Amino acid sequence: MKSLIVYQGRYGATQQYAEWLHQKFALNLLTATACGEEQLKDTELVVMGSSVYIGKLEISNWVKQHSATLRGKKLVLFVVSGTPKDQTEKLRQYVRSSLPDFIAEKCDVYYLDGRLVYNKLLRKDRFMLRMGALFAGKVNGHKMLAGYDGVKEENLADLYQHLEEMLYQHAL
Ligand SMILES: Cc1cc2nc3c(=O)[nH]c(=O)nc-3n(C[C@H](O)[C@H](O)[C@H](O)COP(=O)(O)O)c2cc1C
């Protein structure tokens with residue numbers, strides 16, 4: 001099955017997960033910017049990876065741009081964010097509000113812990129984060145600014161299994 005990983009993030013967390021997937025399954029790996037219609041042609045499975053900024057998936061514009069082509073393919077999406085996995089409704093809402101309905105419904109979605117290092121952020125992202133922290137209240141706001149690093153290969157266990165099954169079934 002011709003397969004491709006396409007990802008979009010800002011500071012490396014999404015890229016790290018995409019690279020682990022690339023190493024594990026030897027799938028082609030492209031940033032969304034580098035992936036056009038030509039690269040999608042003949043691809044049966046597209047694994048999309050995206051982080052979340054202010055409630056929106058980074059890869060959403062790319063998906064909208066290529067939605068007609070993506071409609072006919074098997075789609076897997078991994079979402080990298082600061083929202084804990086148990087906040088399922090909030091996480092699902094990121095996907096629903098960022099992607100066309102018919103794509104969101106078609107995707108097998110995996111939610112992965114992200115990374116935030118305040119000192120490495122661009123000035124505009126620091127500003128946005130500080131605004132978000134103000135609205136989040138004292139305790140949650142403080143946590144947001146303190147940063148976190150939840151990026152670990154073991155978070156990919158379920159996605160590894162899913163892809164193994166998909167690729168194995170197809171090889172039979
Ligand atoms: C300005 C800013 C806004 C963010 N907005 C959200 C958000 O709305 N929801 C969320 O869960 N995480 C949010 N995050 C956290 C990022 O999604 C998280 O740090 C992610 O790991 C970044 O991955 P990347 O390095 O691949 O871009 C935000 C981070 C920043 C700096």
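The legends below describe close-up views of a predicted model.

**View 1. The shell around the ligand.** Of the 22 residues that surround the ligand, Gly 9, Thr 14, Ser 51, Ser 81 and Gly 114 come nearest. Two or more residues of this shell are given by each of helix H1 (13-25), strand S3 (45-53), strand S5 (74-81), strand S7 (115-116) and helix H7 (123-136). Sorted by class, the shell contains 10 nonpolar, 9 polar and 3 charged residues. Because domain 1 (3-114 + 150-171) and domain 2 (116-149) both give residues to the shell, the ligand lies between them.

**View 2. The largest nonpolar core.** This core has 35 residues, and those with the most contacts inside it are Met 48, Leu 75, Phe 78 and Val 79. At least two core residues are supplied by each of several elements, including strand S1 (3-8), helix H3 (60-65), helix H5 (88-98), strand S6 (108-113) and helix H9 (157-171), while the largest share, 6 residues, comes from S5.

**View 3. The surroundings of Val 79.** When its neighbours within four places in sequence are left aside, Val 79 is in contact with Ser 50, Val 52, Leu 57, Leu 91, Tyr 94, Val 95, Val 109, Tyr 111 and Leu 112.

**View 4. Two loop residues with positive phi.** Ala 26, in the loop between H1 and strand S2 (28-31), has a phi near 55°, a positive value in a residue other than glycine; with 9 other C-beta atoms within 10 Å, Ala 26 is exposed. Asp 42, in the loop between helix H2 (37-40) and S3, has a positive phi near 70°, and counts as exposed because 8 C-beta neighbours lie inside 10 Å.

Methods:
Residues are numbered from 1 along each chain as its sequence is written. This is a predicted model: local features need pLDDT of at least 70, side-chain atom pairs count only at pLDDT 80 or more; totals for chains, interfaces and linings use all residues. A residue is near a molecule or strand if its C-beta atom, placed from the backbone, lies within 6 Å of it. Helices (H or I, at least four residues) and strands (E, at least two) are DSSP runs, numbered from the N terminus. Ala, Val, Leu, Ile, Met, Phe, Trp, Tyr, Cys and Pro count as nonpolar, Asp, Glu, Lys and Arg as charged, and the others, Gly among them, as polar. Domain bounds come from an automatic or database domain assignment. A nonpolar core is a set of buried Ala, Val, Leu, Ile, Met, Phe, Trp, Tyr and Cys residues joined through C-beta atoms within 7 Å. A residue is buried if 20 or more other C-beta atoms lie within 10 Å of its own, exposed if 12 or fewer, and partly exposed in between; C-beta atoms are placed from the backbone. Two residues are in contact if their C-beta atoms, placed from the backbone, lie within 7 Å.
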